[in-house]
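User: I am new to this structure and would like a close look at a single part of it, the aromatic rings and what surrounds them. Please take me through it in one connected account.

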Amino acid sequence: QVQLVESGGGLVQAGGSLRLSCVASGRTFSSYAMGWFRQAPGKEREFAAALNWSGGITYYADSVKGRFTISRDNAKNTVYLQMNRLKPEDTAVYYCAAGSSSSVGRWNYWGQGTQVTVSS
């Protein structure tokens, strides 16, 4: 079992920045991939970013590429999502996810989510 707790969400103006954090517990953090997903009101949950166990391989949705950066600190059991140049369409609940293996693929565990609201 893996427990995930996100933090760092909030209200920000368009063009601003936020950094989300997700602390994991319950299993060796460095043994699995991590990801960030988001769900806007009335829409399905969508992929935002992910990275493998070491952080050496990253993936981004086209909608966030060049603005968001995912990273991890295995010593702190934490994954981050640095979000810059935020847009109103980035408004969503952001969820942290833990994968089933060290490579990005299936997602087995989810956090409770943190709200990000970008005002225009």
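Analyst: Rings of Phe, Tyr and Trp, the last taken by its six-membered ring, count as a pair if their centres lie within 6.5 Å. In this model, which is predicted, a search of the whole structure finds 4 aromatic pairs. One of them joins Phe 29 and Tyr 32, whose rings meet edge-to-face, with 5.7 Å from centre to centre and 80° between the planes; Phe 29 and Tyr 32 are both buried.

Another edge-to-face pair is formed by Phe 37 and Trp 110, with the centres 4.9 Å apart and an angle of 65° between the planes. Because Phe 37 belongs to strand β4 (residues 34–39) and Trp 110 to strand β10 (residues 107–110), this pair ties together parts that are 73 residues apart in sequence. As for exposure, Phe 37 has a relative accessible area of 9% and is therefore buried, under the 20% cut-off, whereas Trp 110 has a relative accessible area of 34% and is partly exposed.

Phe 37 and Trp 110 also belong to a cluster, in which ring pairs link them with Phe 47 and Trp 107.

A charged side chain completes this view: Arg 45 lies over the face of Trp 110, at 4.6 Å from the ring centre, and Arg 45 also lies over the face of Tyr 95, where the distance from the ring centre is 3.9 Å. Trp 110 is thus a ring that pairs with Phe 37 and has Arg 45 over its face.

Definitions and conventions. Residues numbered from 1 in each chain as written. Predicted model: local features only at pLDDT ≥ 70, side-chain atom pairs only at ≥ 80, totals over all residues. Heavy atoms only, no water. Phe/Tyr/Trp six-rings, centres within 6.5 Å; stacked < 30°, edge-to-face > 60°. Buried < 20%, exposed > 50% of the residue type's maximum accessible area, 1.4 Å probe, protein only. Helix = DSSP H or I, 4+ residues; strand = E, 2+ residues; numbered from the N terminus. Lys NZ or Arg CZ within 6 Å of the ring centre and 35° of its normal.
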